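Colleague: I should be grateful for a close look at a single part of this model, the pairing within one sheet, and then at the ring contacts and enclosed spaces elsewhere.

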Amino acid sequence: MAMRTIRAVMFAFAFGAVPALAEPLGQFTDHGDIGMPKHPGSATYDAAAGRYRVTGGGANMWADHDDFHFVWKKMSGDVSATTDLVFHSPSPAPGAPGYVHRKGGIVLRQDLDPDSVYVDALRMGNQQLSLQYREVKGGQTHLIWINTPHQGTVRLEKIGDYAYLSVPGPDGKLHHAGGSFKLKIKGPYYIGLGVCPHDNNVTETVDFTNVRFAAPTYGGRAAESTLQTMGVDNEWEQTAVVNVEGAIDAPAWSADGKSFTYGHGGRRYSVPADGMEIAAPVQTGPGAAKTMARNSGVSPDGQWVYFSAATDGQRKLWRAHPDGSGRTQVTSGSTRDWEPRVSPDGKWLVYLAYGASAPVDRMTRSDVEVRLAPITGGTPDESRMRVMAKPFGGPGTLDFDPWSPDGKNFAFVSARPPGP
């Protein structure tokens with residue numbers, strides 16, 4: 001129940017009145033502020049124009065709590081939600097608090113608490129869309145950046161425990177933007193429209209039109225792969241570089257770290273590393289002409305080789321000198337660990353961790369964790385390991401050199417899970 005509705009109900013009971021039901025707003029049940037924005041929000045519906053005009057206050061929708069205005073209804077099960085949206089408020093001046101990160105879009109929340117589990121598909125103040133999510137109540141927010149000038153329409157899909165963002169391409173048609181992830185939303189949830197100015201001293205207004213909810217299309221969907229990047233100092237944000245139907249083969253960073261080459265459909269392509277839609281992939285040659293990459297299972301000084309080996313029916317990571325001496329197990333726990341990749345500066349080890357029930361041979365795609373551990377004296381420090389991403393993956397996710405030349409960023413390939 002919205003804060004304004006809660007206050008109205010308390011007031012009515014205090015004076016012996018019967019509380020009125022919330023007034024519907026178009027196809028939505030109610031609206032109200034989530035969290036404690038400094039300036040209260042509002043929402044109106046113009047039936048003739050089919051337009052929802054939503055004004056919201058609040059400092060942000062991020063970290064472990066959110067402050068914004070939300071227009072919602074309750075639903076259950078799978079859903080495909082689509083809307084056209086445009087910022088009605090004028091753009092803040094460059095450098096102003098809300099200039100880059102003012103937000104409007106489709107929001108799906110487990111509850112109406114400010115620290116709720118949630119996922120949303122948001123248009124930002126610059127040429128970016130994002131798929132944001134909070135996995136556990138009170139936990140931190142994560143996001144996947146989609147850099148695109150085509151921001152007029154967004155679509156959020158919930159299919160089972162997975163969430164997806166679709167965006168318009170240069171042809172104006174919606175296409176999956178990649179970077180799916182698993183998020184458990186239990187039972188009924190709240191879904192609707194959210195607006196936040198990213199500046200608690202002002203409000204932001206967004207016009208939403210062509211708002212529609214439908215059952216997702218399950219059949220006939222092609223397999224997809226997404227090349228994604230992350231920074232070692234930021235476990236909260238990912239960037240989707242390119243999404244394709246089928247497989248991405250042997251991606252490789254350029255020497256200056258500004259672009260990738262990758263194979264797809266028997267050809268090699270080049271694409272900027274700063275995200276999808278900044279520039280279209282450029283064909284560079286036949287698929288056999290792969291960019292040469294170093295062996296990232298070997299430390300830069302050549303002293304250690306990192307590898308995966310079976311131990312009592314489980315897969316763990318080990319290290320050894322090139323001559324086989326000094327063999328030492330470096331990961332433990334119940335997961336099955338594969339694909340150790342050490343950074344060019346020797347400071348980090350990124351690898352894949354599968355659940356204990358995952359196939360030992362790693363040839364079946366499943367949910368997987370991309371883990372990062374600092375290296376001290378040649379030994380990964382598992383006590384300081386961080387889970388960086390939880391894609392649907394397997395063969396091809398990390399079986400290449402994922403590291404940027406400066407060792408500050410790494411890449412991985414996620415897959416879109418099969419439909420139910």
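Which residue in E25 is the bridge partner of Phe 307?

Modeller: In strand E25, Trp 318 is the bridge partner of Phe 307. This is a predicted model, in which local features need pLDDT of at least 70 and side-chain atom pairs pLDDT 80 or more, while totals for chains, interfaces and linings use all residues. Residues are numbered from 1 along each chain, and side-chain values rest on heavy atoms, without hydrogens or water.

The pairing of E24 with E25 (residues 314-320) is antiparallel and extends over 7 bridges; strands are DSSP runs of at least two residues, and two of them pair when DSSP finds at least two bridges. Both strands belong to an open sheet of 3 strands in the order E24-E25-E26, paired in the antiparallel sense. At its edges stand E24 (305-311) and E26 (328-329), each with a single partner strand, so each has one side without a neighbour in the sheet.

The ring of Trp 318 has a further contact, since the charged end of Arg 327 sits over it, 4.5 Å from its centre. A similar arrangement places the charged end of Arg 319 over the ring of Trp 304, at 3.6 Å from the centre. (Such a contact requires NZ of Lys or CZ of Arg within 6 Å of the ring centre and within 35 degrees of the ring normal.)

Contacts between rings are a separate matter. The model contains 11 aromatic pairs, meaning rings of Phe, Tyr or Trp (its six-membered ring) with centres within 6.5 Å; planes under 30 degrees apart are stacked, over 60 edge-to-face and the rest tilted. Phe 68 and Phe 70 form a tilted pair, with 5.7 Å between centres and 50° between planes, and both residues are buried, that is, under 20% relative accessible area with a 1.4 Å probe on protein chains only. For Tyr 162 and Phe 392 the centres are 6.2 Å apart and the planes stand at 90°, so this pair is edge-to-face. Tyr 162 belongs to strand E13 (residues 162-168) and Phe 392 to strand E32 (residues 392-393), so their pair ties together parts 230 residues apart in sequence. Tyr 162 is buried, at a relative accessible area of 12%; Phe 392 is buried as well, also at 12%. Elsewhere, ring pairs join Phe 28, Tyr 45, Tyr 52 and Phe 213 into a cluster.

Tyr 162 also helps to line the second largest cavity, together with Leu 108, Val 119, Lys 158, Asp 161, Ala 163, Leu 183 and Ile 185. A cavity is a set of points, on a 1 Å grid over the protein atoms alone, where a 1.4 Å probe fits but cannot get out, and lining residues have an atom within 4 Å of a point. This cavity has a volume of about 40 Å³, the space filled by probe spheres set on the points. Its lining comprises 6 nonpolar, no polar and 2 charged residues; Ala, Val, Leu, Ile, Met, Phe, Trp, Tyr, Cys and Pro count as nonpolar, Asp, Glu, Lys and Arg as charged, and the others as polar.

There are 2 cavities of 30 Å³ or more. The largest holds about 50 Å³ of space, and the residues that line it include Tyr 133, Ile 144, Phe 181, Lys 390, Pro 391 and Phe 412. By class, the lining of the largest cavity has 6 nonpolar, 5 polar and 1 charged residues.

Definitions and conventions
Buried < 20%, exposed > 50% of the residue type's maximum accessible area, 1.4 Å probe, protein only. Helix = DSSP H or I, 4+ residues; strand = E, 2+ residues; numbered from the N terminus. 1 Å grid on protein atoms, 1.4 Å probe; cavity = no way out; pocket = protein on both sides within 12 Å on 5 of 7 lines; lining within 4 Å.
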